[in-house]
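Got your viewer open and a hand on the mouse? Let's take a walk through this protein, one selection at a time.

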Amino acid sequence: MLLTQGLRQAGVGLLTLRRIYCLSRAAHTSAQKVEYKPIKKVMVANRGEIAIRVFRACTELGFRTVAVYSEQDTGQMHRQKADEAYLIGRGLPPVAAYLHIPDIIKVAKENNVDAIHPGYGFLSERSDFAQACADAGVRFVGPSPEVVRKMGDKVEARAIAISAGVPVVPGTDAPISALQEAQEFANTYGFPIIFKAAYGGGGRGMRVVREYEELEENYQRAYSEALAAFGNGALFVEKFIEKPRHIEVQILGDKYGNVIHLYERDCSIQRRHQKVVEVAPAAQLDPHLRDRLTADSVNLAKQVGYENAGTVEFLLDKHGKHYFIEVNSRLQVEHTVTEEITDVDLVHAQLRVCEGWSLPELGLKQDKIQINGSAIQCRVTTEDPARGFQPDTGRLEVFRSGEGMGIRLDSASAFQGAVISPHYDSLLVKVIASGKDLPTAATKMNRALAEFRVRGVKTNIPFLQNVLNNDQFLHGAVDTQFIDENPDLFNLKPVQNRAQKLLHYLGHVMVNGPATPIPVKAKPSSTDPVVPPIPLGEPPVGFRDVLLREGPEGFARAVRAHRGLLLMDTTFRDAHQSLLATRVRTHDLKKIAPFVAHNFSGLFSLENWGGATFDVAMRFLWECPWRRLQELRALVPNVPFQMLLRGANAVGYTSYPDNAVFKFCEVAKENGMDIFRVFDSLNYLPNMLLGMEAAGSAGGVVEAAISYTGDVSDPTRQKYSLEYFLKLADELVKAGTHILAIKDMAGVLKPEASRLLVGALRDRFPEMPIHVHTHDTAGAGVAAMLACAEAGADIVDVAVDSMAGMTSQPSMGAIVACTKGTELSTGISLEKVFDYSEYWEVTRGLYTPFDCTATMKSGNADVYENEIPGGQYTNLHFQAHSMGLGHKFKEVKKAYVEANKLLGDLIKVTPSSKIVGDLAQFMVQNSLTREEVEQRADELSFPLSVVEFLQGHIGIPHGGFPEPFRSKVELERGKTLHIKALALGDLNKAGQREVFFELNGQLRSVLVKDALAMKEMHFHPKALKDMRGQVGAPMPGKVVEVKVKEGQKVEKGQPLCVLSAMKMETVVNSPLSGTVAKVYVKPDSSLEGDDLILEISE
């Protein structure tokens, strides 16, 4: 622990401390006269996390802090963390501002700065900057200008190492001044060789050349990068050592010739010669080799009189030989791991040494420096590993870090709302984990990275997690080729990002309106429907009078004793749900209701409530469904009303508490409901029994419905056999149902199957009324219902002719006409059916924009294969056209079949049919086959309805859940998102609006492009991916050089231009041979990803 901290803990004040210091200085050395100069104010000539790191140390030591910033960094955190902040480099490019020595010195002198800390990068290894500080009377927190010059010039540093007896890699003795010198070196030593910047590090200006043909291009790129990063493009050349370990030793010197080491760091995990993960100490390092490395580092530093912090870097070959590379005469990015294992604050030490303290006075003696455990640093960057680590830019929409025991975070721009620009390094945050050994530290690091949530830009976190889980890494057996030789590191687990995707969707809808508008331009008819004449007086007595007089049991007996076929009219609900998206208003139902009461009193019932009525009435019609029931009851007092009750789901799409279902049925009965058709989408008996009990307790007629699927007439289809349906019917009758119903929601009940199923039920339950419901999608509905009636059914469902057919119910007129004069006669006047139909034909015209015939012109017998329920068939067809997938509806239907098989062949009725439909559309949208879904089930983000089904939310399907599919799907529980829309921002220069939300109690915002405004604004054109000759920017950045002209012939692979982003240069090569037709950029153009660079004609 540093002396300063120990004295402060003992309660010694700052002035007393300095008096003690002066006395101890006199006692400590009389031979060397070094003036002690206390520091009061420190400037950091840098930006980002390293500036903040130094500011924090200064604050702890009682120093005032000064920040400098470029015009592009006005919103950066480092200027807010300092006591004072000043603009530098006005009008200069982003990097050049931090390289402008006169401005920095001017700010320092004007504001009484005592010392300047250079951080790392930028001017940290520029001797002219260190000298400028000295000339201005400002201390440079680092070595003397002469030492910076010697160590910063890697060629001179190499010569010093040789004179000190430290082994070096073969290389040039001085920076090369021309390509020819590099060619001569390669001819002497052979390939591979490496170019290195003579006046900087960090991977900038570093290029490996393996073949003669690559020499010129890489020389130019290395020179350009070095010039941009360090202000000097000088390079030197070395023989490139294959697959070495990169080990560096941390050194620390004072003004009195004392030099110590703080052991080593392993920085072998690199890409593009930039470190990604650093470890201290180096694992699996021979103790004797460690001693040689540290001894060589200390001797080298003493030979040049090294002062302050620095790093001596080595390469270790396969044979355990070490070679000196360079000295970084500054603080390193990865200094943090050394601090964690030695408990030495390197920045504190730097500042104290700069004041004139000696290392012994700071308690820093070699025998006191011990290794304690292990530490790992991961550099979380805004780069996309899946695209070759291309830098990503943009706004951090979400930022949540990982924390906890053993975790340290050093960051600057890591906060929600921060803008990541292409001008500087892609480093977002440094995460440091420490533990008793490497595996322990790796476990903590893995946990911390898993806690991070970064949205808005891509990060390398999934890649880092793969590194941490790699056995080679955990055993410490890595070299600089680790990333290149482990392609499995790029098998990245996809980020779900569910909440932000949802916010983007909601924001888009708020700004631009619905993304799926009605796909037809048809307008409602201007003709008002005319109600047929209605007799005066009260309507005739009907079956409801029997119900009111004799109760549910007596009503059921009367129905069974009735001679002839009874009909339930679905026109008031299921017919318009199937054909008109349930959009019919109460107004139009009320107009025709009295006509029905007077002319169709012989109906078994009128279905007019339940199912989707609640959802649509409140969400789209803005009507009260309860008021609809009350008003229709007053107009039709004689015909029983029937509703659809989804068992434990009532009229919703999820299970409700039992008391809610009971109360719902009670209130429904009080407001006029008579018959409750109770069903469950999976025929799950516990759910059905709840609904039956609730309806019965309310005093209603209980009609338990068996949901039908499959084909009982096909002996090859055994899952839903005749015996299965009979056993289910036994349970429902035993439970006390008044009426037994067959609910054929997909219309797959064929005439022969009708005879078999209804005949078997009639034989087993001779006193039980049987009611059959179907859809006419295949066109065989009338035939099937007549077969049911002949087999013993008492009631069948129909819709008035103009609202019948296709995905609706069979035609009322057809059934009435076909049974007329037979023992199955309905007793209904065919003429009155015609009048009734005429009203609905005109009324239907009022709902033309919602009419299924806008996109679907007929039914289809393929329903026998896909088994899509009638109402859902219409909705899927409509949705496919809305999303521009009308031509793919055949694929949607095929996917529905495959989705049904994936889920175990379900009975398909709301909500189970929705689950199958959601999975089918998910498969089509993502171009997934059934086999691919099964194989990738553990990594896909399935629709919520599918996940909840597999969790058992709607019950247990017949035959159980599908395995192993269910076990592979991640069944997350407790992931509820609470979202509240707050505000919509003004239009910005990029044509975007900021949309504000509250998500789970936290403020979130997303930027959404305003589609209307974008049409009126000018933007750089984008490259179209399906146009072969269009070449787009692979990443955001600035154009450094355009290498071709319009009309020039180019070959495939030929360099076209050079982009610079985050101080790294990328060459864009031609994807094909041809002629440059048009160039859209020029040097210094700023580009976004996929911006059009040029067009090539073949």
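What follows is a series of stops, each with something to select and something to look for. Keep in mind along the way that this is a predicted model.

**Stop 1: a tyrosine in a helix**

Select Tyr219, which sits in helix H11, residues 215–230. Is Tyr219 buried or exposed? Its relative accessible area is 9%, and buried means under 20%, so Tyr219 is buried. Now show what surrounds Tyr219: setting aside residues within four places in sequence, it is in contact with Ile176, Ser177, Ala178, Leu179, Phe195 and Leu235.

Before you leave, try the distance tool. Pick the C-alpha atoms of Tyr219 and Arg563, and you'll find 100 Å between them. Along the chain, these two residues are 344 places apart.

**Stop 2: two cis peptide bonds**

A bit of background helps here. Most peptide bonds are trans, and most residues other than glycine have a negative phi.

Go to Phe191 and Pro192 and zoom in on the bond that joins them. This peptide bond is cis, with omega at about 0°. Pro192 is part of the loop between helix H10 (179–189) and strand S6 (193–197).

Next, jump to Ala280 and Pro281. Here too a cis peptide bond joins the pair, and omega is about -10°. Where is Pro281? Look in the loop that runs between strand S11 (274–280) and helix H12 (287–303).

**Stop 3: two residues with positive phi**

Stay in that loop between S11 and H12, and select Gln284. Its phi is near 55°, a positive value in a residue that isn't glycine. Turn on the surface, and Gln284 counts as exposed because its relative accessibility is 64%, and exposed means over 50%.

For another example, head to Asp1084. You'll find it in the loop between strand S39 (1074–1079) and strand S40 (1086–1087). Phi of Asp1084 is near 80°, again positive in a residue other than glycine. At 58% relative accessibility, Asp1084 also counts as exposed.

**Stop 4: along strand S14**

Strand S14 covers residues 374–381, and Thr381 belongs to it. Let's begin with another of its residues, Ala375. What is the relative accessibility of Ala375? It comes out at 0%, so Ala375 counts as buried. Leaving out residues within four places in sequence, show the contacts of Ala375: Glu278, Val279, Ala280, Val337, Glu340, Ile341, Ala433 and Ser434. You may recognise Ala280 from the cis bond with Pro281.

Here's a second job for the distance tool. Ala375 and Glu146 are 229 residues apart in sequence, and their C-alpha atoms are 34 Å apart in space.

Now slide along S14 to Thr381. With a relative accessible area of 8%, Thr381 is buried as well. Which side chain makes a polar contact with the side chain of Thr381? Add Glu383 to your selection: the contact joining the two side chains is 2.9 Å. Beyond four places in sequence, Thr381 touches Ser426, Leu427, Leu428, Lys458, Thr459 and Asn460.

**Stop 5: helices H24 and H25**

Time to look at packed helices. Two packed helices are described by the angle between their axes and the distance between the axes.

Select H24 (residues 658–670) and H25 (residues 685–697); their axes come within 8 Å and cross at roughly 40°. The two helices are therefore oblique to each other. H24 passes H25 in a right-handed crossing. To see the contact itself, show Asp658, Val661, Phe662 and Cys665 on H24, then Leu690, Glu693, Ala694, Ala695 and Ser697 on H25. Colour this contact by class and you get 6 nonpolar, 1 polar and 2 charged residues.

**Stop 6: helices H33 and H34**

Our last selection is H33 (residues 889–902) with H34 (residues 912–925). At what angle do the axes of these helices cross? The crossing is at roughly 120°, and the axes come within 8 Å. H33 and H34 are therefore oblique to each other, and H33 passes H34 in a right-handed crossing.

On the H33 side, show Glu891, Val892, Ala895, Tyr896, Glu898, Ala899, Asn900 and Leu902; they meet Ser913, Val916, Gly917, Leu919, Ala920, Met923 and Val924 in H34. By class, this contact divides into 10 nonpolar, 3 polar and 2 charged residues.

Notes: Residues numbered from 1 in each chain as written. Predicted model: local features only at pLDDT ≥ 70, side-chain atom pairs only at ≥ 80, totals over all residues. Heavy atoms only, no water. Helix = DSSP H or I, 4+ residues; strand = E, 2+ residues; numbered from the N terminus. Buried < 20%, exposed > 50% of the residue type's maximum accessible area, 1.4 Å probe, protein only. Polar contact = N/O pair within 3.5 Å; in protein donor to acceptor, adjacent residues only side chain to side chain. Contact = heavy atoms within 4.5 Å. Axes fitted to C-alpha atoms, helices over the stretch in contact; angles between N-to-C directions. Parallel < 35°, antiparallel > 145°, perpendicular 65-115°, else oblique. Left-handed = near helix turned anticlockwise from the far one by under 90°. Nonpolar A, V, L, I, M, F, W, Y, C, P; charged D, E, K, R; others polar.
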